[in-house]
Amino acid sequence: MKFIKPISTLLLIIVIIFSCSKVKKNIPDNKKQELTIPEYTGPNYAHHKQFEHFKFTTEQEWDSINKTEKYQVSASNKKKAKAYKTFGWHMYSKGSSYTSYNFSLLWGVAYFSYIVNAETGSYDNIHQWKTTALIDSAKVNNCKVFLTVSNFGSKRNAIFLKNPKAQETLADSLSVLLKLREADGINLDFEGVAKENRKEFSNFIVRLSKKLRTQNPNYMVSLALYAVDRHKVFDIKTIDSSIDFYTLMAYDYYGSFSNYAGPVSPLKSSNKWGEYSVEYSVNYYLNEGILADKLIVGLPYYGDKWATENKLIPSKVRKFLSSDSYTKIKKQFKTEITNQQYTLNFDTISATRYISYKNKQEYEQLWFDDSLSLSKKYDWVKKKKLSGVGIWALGYDHGNSELWELLASKFGQEK
């Protein structure tokens, strides 16, 4: 009888240890996920890889493959408030979808993209920059226009950043293109810069900014920041005086690389979803020396879908399925999800929508942002007194007005 209690206690301890270890396996650690990502390759790069082989020369050709329908501009009795910068990227692949944008609610729009030829500094493609009516529509509504300048991958960046002649060619080329469309400046989007090229990257930014402002002192230079600067490539102290504002790519915290399905843009750091979050990224860059009124927080108008091991939240990934625009997700809800009565959930910790369901014999999870989740994040941005919000990407909500209505509600003022 004296041995029963110690044995029972020992068994209890074993059960507790086993249970805790089992639960821990279901808790993703997005610190560990960085080991599978040697360089930053976000959805901007993914978009480029998806569409770079198309040789279209007109927006009508893009409209044809997208089956773009014409919609009225979302009505609103508000315009952008002076206190905030609302910023969005227009993807060349979205063709003429900008005809439905409410430019009066946008402070600035960036055309994506000037694709840098890493060896020469000229462009591999500028798509419809020279002809698009997007620029004219934006100007009529006092919306600033920027040309995104992109270079992707550590190899291409290393080649370009070690070539002063190519950098000079890029500066000259941009000067011509900005003047041609009477644009307001550029948005640099160099993804996959290696830590070994940190100094060259900083020097390039400073020289490019100086050259453009020599051509036109009113040109603005902005820089896209990685959600997590894993390799410390942004030397804020060196480049800050050359940058007018920063656009934080606060998305892709969970994605095609993830071991667990989870929020694309979690608002807060947590034990549940890990350290990396919008909150983490903003605080990191503020601590690096960026002023709050120079930081625009870009948020996703898309979601990610995975095949998972089960319906648990979080659940381990079996296979990444797709990144889907807000419009595509809405259409899915109207068909298969609604018909099968799947439940739309809201994860309060990450402030993100999700559904966890069974598709035939396979478990799937879809994580995305909508007007409810974006509302929470917009409120947080305002509370932090940051410059404003960015949209990746404009046109991803084509045919839906609720996200424009939310933008008007949070960052608009009476006309």
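Let me start in the middle of the chain's pairings: strand β2, residues 85-91, and β15 pair in the parallel sense over 5 bridges. In that pairing, Gly88 stands opposite Ile391 of β15. The model I am showing is a predicted one.

Staying with β15, this strand covers residues 388-394, and 7 of its 7 residues are buried. A further partner is strand β9, residues 295-300, which runs parallel to β15 and is joined to it by 5 bridges. There, the bridge partner of Gly298 is Gly390.

Now some overall numbers. The protein has 12 helices and 16 strands. It has 415 residues, and 54% of them count as buried. The accessible surface comes to about 19,000 Å², with 52% of that belonging to carbon and sulfur atoms. As for contacts between residues at least 6 apart in sequence, 74% of them join residues at least 24 apart.

Next, the open sheet. In what order do its 5 strands come? The order is β11-β10-β14-β13-β12, and the pairing is antiparallel. At the edges are β11, residues 317-325, and β12, residues 345-347, each pairing on one side only. From one strand to the next, the twist averages 25 degrees.

Helix α11, residues 371-383, packs on this sheet and touches β12, β13 and β14. The direction of α11 makes about 150 degrees with that of β13.

Going through the pairings, β12 and β13, the latter being residues 352-359, are antiparallel over 3 bridges. Here Asp347 stands opposite Thr352 of β13. β13 in turn pairs with β14 over 7 bridges, again in the antiparallel sense, and Asn359 stands opposite Glu362 of β14. On to β10, residues 302-308: this strand pairs with β14 in the antiparallel sense over 6 bridges. Trp306 has Gln365 of β14 as its bridge partner. As for cover, 5 of the 7 residues of β14 are buried.

The hairpin of β13 and β14 has 2 residues between the strands, and Lys360 there takes a positive phi near 60 degrees. Is Lys360 buried or exposed? Its relative accessibility is 74%, so Lys360 counts as exposed.

Another residue other than glycine with a positive phi is Asp252, where the value is near 70 degrees. Asp252 lies in the loop between β8, residues 245-249, and α9. Asp252 has a relative accessible area of 16%, so this residue is buried.

There are also cis peptide bonds to point out. The bond from Phe112 to Ser113 is cis, with omega near 20 degrees, and Ser113 sits in strand β3, residues 108-116. The bond from Ile313 to Pro314 is cis as well, with omega near 0 degrees. Pro314 is in the loop between β10 and β11.

Turning to helices, take α7, residues 198-215. How far apart are the end C-alpha atoms of α7? They are 26 Å apart, and this agrees with the expected span, because 18 residues at 1.5 Å a residue should also give 26 Å. The buried residues of α7 are Phe201, Ser202, Phe204, Ile205, Leu208, Ser209, Lys211 and Leu212. Their cover includes helices α5, α6 and α8, together with strands β6 and β7.

Two of those α7 residues, Phe201 and Phe204, also belong to a cluster linked by ring pairs. The other members are Phe160, Phe190, Tyr226, Phe234, Tyr276, Tyr280, Tyr284 and Tyr285. Across the protein, the count comes to 36 aromatic pairs. One of these is Tyr280 with Tyr284, a stacked pair with 6.4 Å centre to centre and 10 degrees between the planes. Both of these tyrosines are buried. How are they placed along the chain? Tyr280 and Tyr284 are 4 residues apart in helix α9, residues 278-288, so about one helical turn separates them.

To recap, we have looked at β15 with its parallel partners β2 and β9, the antiparallel sheet of 5 strands, and the ring cluster that includes Phe201 and Tyr280.

Key
Residues are numbered from 1 along each chain as its sequence is written. This is a predicted model: local features need pLDDT of at least 70, side-chain atom pairs count only at pLDDT 80 or more; totals for chains, interfaces and linings use all residues. Side-chain values use heavy atoms; hydrogens and water are left out. The expected span of a helix is 1.5 Å times one less than its number of residues. Buried means under 20% relative accessible area, exposed over 50%, partly exposed in between (1.4 Å probe, protein chains only). Contact means heavy atoms within 4.5 Å. Two strands pair if DSSP finds at least two bridges between them. Axes are lines fitted to C-alpha atoms, for helices over the stretch in contact, and angles run from 0 to 180 degrees between N-to-C directions. Accessible areas come from the Shrake-Rupley method with a 1.4 Å probe; for residues, only the protein chains shown count as cover. Rings of Phe, Tyr and Trp (its six-membered ring) pair if their centres lie within 6.5 Å; planes under 30 degrees apart count as stacked, over 60 as edge-to-face and the rest as tilted.
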